[in-house]
Amino acid sequence: MAMLPSRVSIREVGPRDGLQNEDPVPTEAKVRLLDALSGTGVGRIEAVSFVHPRAIPQMADADEVWSAARRAEGVRYSALVPNSRGAQRALAAGFTEIEVVVSASDTHNRRNVNRSTAESLDDIAALIDQLHAAGATAEVIVATSFGCPYEGDIDPLRVAGIVDRVLADGADRVAFGDTTGMGTPPRVRAVVSAVRERHPDVPLLLHFHNTRGTALANLLTALELGVTEFDASVGGLGGCPYAPGASGNVATEEVVHMLHDMGIDTGIDVAALIEAARLAERIVGRELPSGVLRAGPRTQLTRFSAD
Ligand code: ZN
């Protein structure tokens with residue numbers, strides 16, 4: 001086995017990516033979930049997105065959620081924005097870590113924002129300037145990096161080309177989304193290698209979906225390639241917009257449970273995280289697709305009874 005990192009940084013995306021893909025829940029429930037997650041020891045939380053309320057009603061109360069949340073010392077909170085107006089709102093709310101998204105697949109990007117990937121990259125260049133001028137950092141998330149539901153396979157060199165462009169435009173970080181769970185270990189290897197070859201020192205963050213059960217295998221592959229930053233969603237919160245009923249984001253407690261048994265530190269208290277996953281399940285009112293939530297951690301022994 002390759003040398004594995006001794007520590008991994010998890011960004012919890014349940015409050016934003018998760019809840020954005022569930023039926024709308026009350027503001028107060030979002031705040032409770034954020035607060036529970038802030039107390040798990042997780043180092044980073046994607047808290048909200050500042051999107052048009054008609055486009056995404058699930059995030060219409062982003063300002064209220066964020067101002068009511070109890071922010072924990074030492075946790076880095078981020079917000080996702082789709083455009084300059086969203087960036088203004090996020091900055092006004094006090095966020096200093098901001099994410100923007102572009103799809104590696106032209107068709108997926110057009111379906112999402114009615115613009116080509118190239119047009120979105122021009123918008124993002126201006127957004128990066130806007131964020132930097134206000135003292136915030138800009139992370140570019142490259143969606144459909146491991147496959148597109150409309151186009152199929154995405155050439156890793158196309159993904160690497162997008163990274164070239166956004167880094168030249170000043171992006172502080174890059175992330176890669178397996179938006180519809182099409183990633184497998186060889187595809188993870190191909191994308192990470194293509195990007196690393198051109199940008200050996202840029203930290204990469206990977207965002208896996210477990211739509212087809214490959215998320216933990218993909219994560220292990222990335223660990224072996226030296227990747228140390230991952231997104232995950234408490235309870236596996238957030239369905240899959242393209243396949244109703246299918247699971248979306250990999251569950252944070254499944255990731256953390258496996259990493260800890262491998263001797264890899266995350267700073268997260270698994271018991272507190274499972275409590276937060278139970279809360280997430282109550283909030284959305286459906287069974288969440290997390291094995292660790294169902295079965296408990298492997299160290300939780302079953303009581304033997306002779307009668
Ligand atoms: Zn996701």
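This passage walks through the zinc site, the strands around β7, the aromatic rings and one loop residue of a predicted model.

The zinc ion is a handy place to start. Its protein donors are D17 (OD), H207 (NE2), H209 (NE2) and N249 (OD1), and they lie 2.1 to 2.2 Å from the metal. Along the chain, these donors follow the spacing D-x189-H-x1-H-x39-N. Within that set, D17 and H209 link distant parts of the chain: D17 belongs to helix α1 (residues 14–20), while H209 is in the loop between β7 (204–207) and α9 (215–224), 192 residues apart. Both of these residues are buried. As for geometry, the angles among the four donor atoms run from 84 to 166°, and the site comes out as irregular. The label follows because four donors count as tetrahedral only if all angles lie between 85 and 135 degrees, and as square planar only if opposite donors are over 155 degrees apart and all others between 65 and 115; a range of 84 to 166° goes outside the tetrahedral window at both ends.

Donor H207 also leads into the sheet, as β7 covers residues 204–207. In a regular strand, side chains alternate between the two faces of the sheet. In β7, L204 and L206 point one way and L205 and H207 the other way, and all are buried. On one side of the pairing story is strand β6 (residues 173–177), which runs parallel to β7 and is joined to it by four bridges; here A175 has L205 as its bridge partner. Then there is strand β8 (residues 229–232), paired with β7 in the parallel sense over three bridges, with D231 as the bridge partner of H207. The zinc donor H207 is thus tied into the β7–β8 pairing as well.

The connections between these strands go through helices. β6, helix α8 (residues 185–198) and β7 make a right-handed β-α-β unit, and β7, α9 and β8 make a right-handed one too.

Now for the aromatic rings. Searching the whole structure turns up five aromatic pairs, and ring pairs link F50, W66, Y77 and F95 into a cluster. W66 has a charged neighbour besides: the charged end of R71 sits over its ring, 3.9 Å from the centre.

Finally, a look at the loop between α1 and α2 (27–38), where D23 is found. With a relative accessibility of 66%, D23 counts as exposed, whereas D17 in α1 is buried. The C-alpha atoms of D23 and V13 are separated by 16 Å, with the two residues 10 apart along the chain.

Technical notes: Residues numbered from 1 in each chain as written. Predicted model: local features only at pLDDT ≥ 70, side-chain atom pairs only at ≥ 80, totals over all residues. Heavy atoms only, no water. Donors = N, O, S within 2.8 Å, 3.2 Å for Na, K, Ca; no water. Tetrahedral: all angles 85-135°; square planar, octahedral: opposite > 155°, others 65-115°. Helix = DSSP H or I, 4+ residues; strand = E, 2+ residues; numbered from the N terminus. Buried < 20%, exposed > 50% of the residue type's maximum accessible area, 1.4 Å probe, protein only. Phe/Tyr/Trp six-rings, centres within 6.5 Å; stacked < 30°, edge-to-face > 60°. Lys NZ or Arg CZ within 6 Å of the ring centre and 35° of its normal. Pairing = 2+ DSSP bridges. Right-handed = clockwise from strand over helix to strand, strands pointing away.
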